[in-house]
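Hello,

Here is the structure I promised to pass on to you. Please have a look at it first, and then read my notes underneath.

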Amino acid sequence: MTGRISRRTALTGGAGIALGAASLGVLPLFGTPDRQQDPATCTTPDLSERQARLVVSNWPGYIDEDDDGYVSTLTDFQKRTGIDVSYTADVNDNLEFFAKVVNQLGSCQSSKRDLFMLTDWMAARMIQVGWIQPLDAAKVPNLHANLIDSLRGIGWDPDRTYSAPWQSGLTGIAYNKSKVGEVRSFEELLSRPDLKGRVSLLTEMRDTMGLIMLSQGADPADFDEDDWDNALDRLRKARNDGQIRAFTGNEYIQDLAAGNVLACEAWSGDVAAAEDENLVFVAPEEGQMIWSDNMLIPNLAEHQANAEEWINYYYDPEVAAKLAAYVWYICPVKGAQEAMEKVDPSLVENPLIFPTTESLATTHSFMALEEFQIRAYEGDFADVTGG
């Protein structure tokens with residue numbers, strides 16, 4: 001993993017770091033009535049039977065690659081199915097990608113893609129406005145048989161009618177054990193005297209505010225205005241007290257390794273990729289956030305059956321294990337842990353790829369928001385963080 005651009009590196013680089021006024025400006029485009037679509041009528045004939053093609057957009061560094069005799073899962077898929085895949089790593093940020101496709105999908109025109117991967121909150125909004133086609137359950141049996149339990153029953157797609165998790169990750173805390181004693185709770189980041197001025201939190205609003213809500217006994221999946229205001233006040237106090245050194249993307253890893261930051265809010269995949277024995281990822285005592293990037297088939301996709309074959313293929317445990325060994329995020333596929341014995345036995349018990357049942361029981365997701373809430377909450381968060 002060292003030196004590779006990870007999915008979260010892309011998310012937090014460049015435009016992904018700040019969700020300020022420029023980013024918020026595109027959000028109301030979801031809610032205008034002329035952009036609402038009916039996926040049952042915004043369709044096109046499926047050309048899969050006579051065109052063995054598939055156009056996929058994904059995040060950078062999010063799939064294995066052919067290398068010195070190693071055959072990637074993508075190449076294997078093409079060999080098995082005869083489907084020629086045009087694979088592009090052009091999803092650098094959820095809002096940036098939204099801007100690429102909003103005019104097409106919002107007016108029932110083709111996005112020129114058959115499949116793309118977006119994070120939960122953006123996937124939820126696209127499904128809600130009718131831009132995503134339902135999956136044919138009969139063509140993705142592996143998805144429904146092998147999806148891990150913690151990713152079932154989500155509020156915005158309870159039966160996984162429209163979405164299939166590609167990979168997932170955890171948001172918790174990390175500390176440098178060579179520089180500081182054990183850190184066990186998120187509240188410690190906000191208040192512990194020996195950490196003052198050497199703590200970083202993330203610029204991703206849903207992760208940071210979700211963990212603060214958990215530290216205050218609120219549920220980030222079901223909160224009210226009082227919960228939000230209380231969490232925001234707690235964040236503001238920690239910043240005003242000088243507890244927080246910075247709000248960052250995943251560049252916190254460099255500062256954590258160097259000792260400039262002693263403890264921080266962290267993404268599991270970053271800590272795994274750092275391969276530094278002094279960096280410890282911890283599930284906070286209050287709980288941790290879980291997120292997924294989801295495979296979605298947009299309206300007017302010309303090769304839906306081929307896209308469904310791709311989804312079904314990646315929910316084969318052996319394929320999923322091979323992919324997980326490369327990307328080091330939470331594998332969403334049951335049976336992949338057992339299959340990992342043949343791929344890389346050293347990763348079978350890696351909790352950042354295969355969290356325990358007990359660990360997954362501590363995970364929480366962030367509530368799906370309406371446009372007016374997104375604008376208000378992102379604005380509040382940016383006011384405190386300086387984003």
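Below is what was found in it, starting with the overall form and ending with the domain contact.

This is a predicted model, where local features need pLDDT of at least 70, side-chain atom pairs count only at pLDDT 80 or more, and totals for chains, interfaces and linings use all residues. Residues are numbered from 1 along each chain as its sequence is written, and side-chain values use heavy atoms, leaving out hydrogens and water.

The protein has 16 helices and 10 strands, taken as DSSP runs (helices: H or I, at least four residues; strands: E, at least two) and numbered from the N terminus. Along the principal axes, its C-alpha atoms fill a box of roughly 65 × 50 × 30 Å.

An automatic or database assignment sets the domain bounds: domain 1 covers 53-168 + 291-348, and domain 2 covers 170-290 + 370-385. Their C-alpha centres are 28 Å apart. Nine residues from domain 1 and 14 residues from domain 2 make the contact (heavy atoms within 4.5 Å).

About 990 Å² is buried between domain 1 and domain 2, with 58% of this area from carbon and sulfur atoms; buried area is the accessible area (1.4 Å probe) that two parts lose on being put together, summed over both. Helix H5 (residues 120-128) contributes the most to the side of domain 1 that touches domain 2, giving three residues. The rule finds zero salt bridges across this interface (a side-chain nitrogen of Lys or Arg within 4 Å of a carboxyl oxygen of Asp or Glu).

Best wishes
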